[in-house]
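Visitor: I would like a close look at one part of this model, with its surroundings and the rest of the assembly brought in where they help. Please take it step by step.

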2 protein chains.
Amino acid sequence: MTKRKAPDIVVGRLPLYLRMLNQLVEEGRSTTNSQELGDRLGISAAQIRKDLSYFGGFGKYGSGYDVVYLRDQLRRILHLQQTWPVVLVGAGDLGHALANYHGFAANGFEIVGIFDNDPQKVGTLIGSHEVQDVARLEEVIGEGGVKIAILAVPAGAAQTVADRLVASGVRGILCYAPVTLKTSPEVKVQYIDPVARLQHMAYYVGAGAKP
Amino acid sequence: MTKRKAPDIVVGRLPLYLRMLNQLVEEGRSTTNSQELGDRLGISAAQIRKDLSYFGGFGKYGSGYDVVYLRDQLRRILHLQQTWPVVLVGAGDLGHALANYHGFAANGFEIVGIFDNDPQKVGTLIGSHEVQDVARLEEVIGEGGVKIAILAVPAGAAQTVADRLVASGVRGILCYAPVTLKTSPEVKVQYIDPVARLQHMAYYVGAGAKP
């Protein structure tokens with residue numbers, strides 16, 4: 001059904017569209033249109049139509065989109081019809097917050113193992129998960145066919161752990177460590193770095209309003 | 001010194017360059033060049049030169065960049081010569097992790113207040129910070145001249161809190177709630193949404209390797 005290869009920036013917006021469609025379903029709505037989606041998301045209607053056009057035709061001209069149909073198509077496009085098993089490496093403060101976050105399971109991702117190398121943490125419980133020794137990482141990834149990992153370890157440990165994840169079959173890494181990982185091209189890495197985001201904002205805030 | 005208006009995507013890369021320059025300073029290096037920065041960051045050398053050209057000339061042709069000088073210039077461009085006071089709203093698991101994260105203070109941002117509306121949390125300590133009643137939010141923002149906030153509240157509360165932040169003078173919001181905030185154009189909002197990032201990855205991982 002894909003017509004042209006969608007740019008990465010377009011793919012990155014699909015989760016926002018999916019989130020909004022989930023919300024519309026919750027609100028009991030049956031149809032929507034690019035104008036409404038755009039208004040709610042702060043994106044132009046034309047941009048939304050163009051983004052979706054990479055993946056096929058989802059609405060009749062003038063009649064908008066069927067909410068459930070478009071949601072289901074976005075889930076299919078993003079490969080979210082199955083639940084993805086995910087390992088979480090790092091059971092510090094951030095690891096705790098991530099392990100306790102209900103948004104993952106509600107949106108297609110189930111944490112199947114939490115790992116740390118600190119003997120003080122191994123064996124402790126986070127929610128219903130027992131923190132496991134990171135020595136067992138490869139075993140759990142292999143047994144579960146895990147392809148996606150969340151990396152919440154200190155910067156100095158991130159590359160070593162990433163290498164082990166990739167060697168075990170992981171192909172997507174959500175990296176919270178403030179580093180740039182070196183991985184092979186078939187591995188997709190996404191970074192979450194709040195400091196970089198704050199600095200990005202400071203560029204604008206500092207220009208308009210010196211504290 | 002600014003020559004042309006830098007696109008937002010370019011501004012977003014400056015913190016990565018700054019982080020790498022900080023690392024080079026720590027390594028005791030005095031000079032670098034776009035090729036080395038690019039190799040370390042997984043960005044082309046040409047892209048780095050083009051990005052930096054928006055802000056002036058930072059190196060002599062062929063001799064590369066002075067590490068400390070370029071770092072200091074990036075800090076100036078990003079308005080990081082001062083430390084920014086920041087308020088954190090939400091003292092749940094995520095708020096705890098953020099409050100305990102040393103990366104903020106080390107990189108230009110000092111958390112000056114943590115707020116929650118849960119009486120069970122108000123008065124408790126997170127590190128050296130006492131969680132304050134969110135009723136005091138406007139007072140602390142006003143007294144501290146706070147322009148930047150981190151929003152770590154549930155989705156349902158995010159817009160209301162954001163409105164209060166903006167009304168009190170905040171001009172930059174780092175939003176962890178999975179929502180799209182409605183704010184006036186002079187307010188810069190950055191979102192951190194791990195679910196959206198995982199879904200973005202699943203698009204690629206699912207295409208290459210069905211679990």
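Guide: Helices and strands here are DSSP runs, a helix having at least four residues (H or I) and a strand at least two (E), and both are numbered from the N terminus. The model is predicted.

With those runs as the frame, a loop can be placed by the elements on either side. His79(A) sits in the loop that joins helix H4 (67-77) to strand S4 (84-89) of chain A. Its phi is near 60°, a positive value in a residue that is not glycine. Most residues other than glycine have a negative phi. The relative accessibility of His79(A) is 16%, and because buried means under 20%, His79(A) counts as buried. In chain B, His79(B) occupies the loop between H4 and strand S4 (84-89). His79(B) also has a positive phi, about 60°, without being a glycine, and with a relative accessible area of 16% it is buried.

The two chains are related as follows. Chain A is superposed on chain B by a rotation of 180° with 0.0 Å of shift along the axis, at an RMSD of 0.0 Å. This is the relation of a two-fold axis. Of the interface residues of chain A, 100% are also interface residues in chain B, so the copies meet through the same surface.

Some overall values for chain A give the setting. Its secondary structure comes to nine helices and ten strands, and its C-alpha trace spans about 60 × 50 × 35 Å along the principal axes. Of its 211 residues, 50% are buried. Among contacts in chain A with a separation of 6 or more, 56% are between residues 24 or more positions apart.

The helix to examine closely is H3 of chain B, residues 45-53. Its buried residues are Ala45(B), Ile48(B), Asp51(B) and Leu52(B). They cover an arc of only 125° around the axis, which puts them on the same side of H3(B). These buried residues pack against four elements of chain B: helix H1 (8-26), helix H2 (34-41), strand S3 (64-66) and helix H4 (67-77). H4 of chain B is also the helix that precedes the loop of His79(B).

Of these neighbours, take H1(B). The axes of H1(B) and H3(B) are 10 Å apart, and the helices pack at an angle of about 110°. H1(B) and H3(B) are therefore roughly perpendicular to each other. On the H1(B) side the contact is made by Val10(B), Arg13(B) and Tyr17(B), and on the H3(B) side by Gln47(B), Ile48(B), Asp51(B) and Leu52(B). By class, this contact has four nonpolar, one polar and two charged residues. Ile48(B), Asp51(B) and Leu52(B) are among the buried residues of H3(B).

H1(B) also packs against H2(B). Their axes come within 11 Å and cross at roughly 105°, which makes H1(B) roughly perpendicular to H2(B). Here H1(B) contributes Leu16(B), Tyr17(B), Met20(B), Leu21(B), Gln23(B) and Leu24(B), which meet Glu36(B), Leu37(B), Arg40(B) and Leu41(B) of H2(B). This contact has seven nonpolar, one polar and two charged residues. Tyr17(B) takes part in the contact of H1(B) with H2(B) and in that of H1(B) with H3(B).

Notes
Residues numbered from 1 in each chain as written. Chains lettered and ligands numbered in written order. Predicted model: local features only at pLDDT ≥ 70, side-chain atom pairs only at ≥ 80, totals over all residues. Heavy atoms only, no water. Buried < 20%, exposed > 50% of the residue type's maximum accessible area, 1.4 Å probe, protein only. Arc of directions from axis to C-beta. Contact = heavy atoms within 4.5 Å. Axes fitted to C-alpha atoms, helices over the stretch in contact; angles between N-to-C directions. Parallel < 35°, antiparallel > 145°, perpendicular 65-115°, else oblique. Nonpolar A, V, L, I, M, F, W, Y, C, P; charged D, E, K, R; others polar. Least-squares fit on C-alpha atoms with pLDDT ≥ 70 in both.
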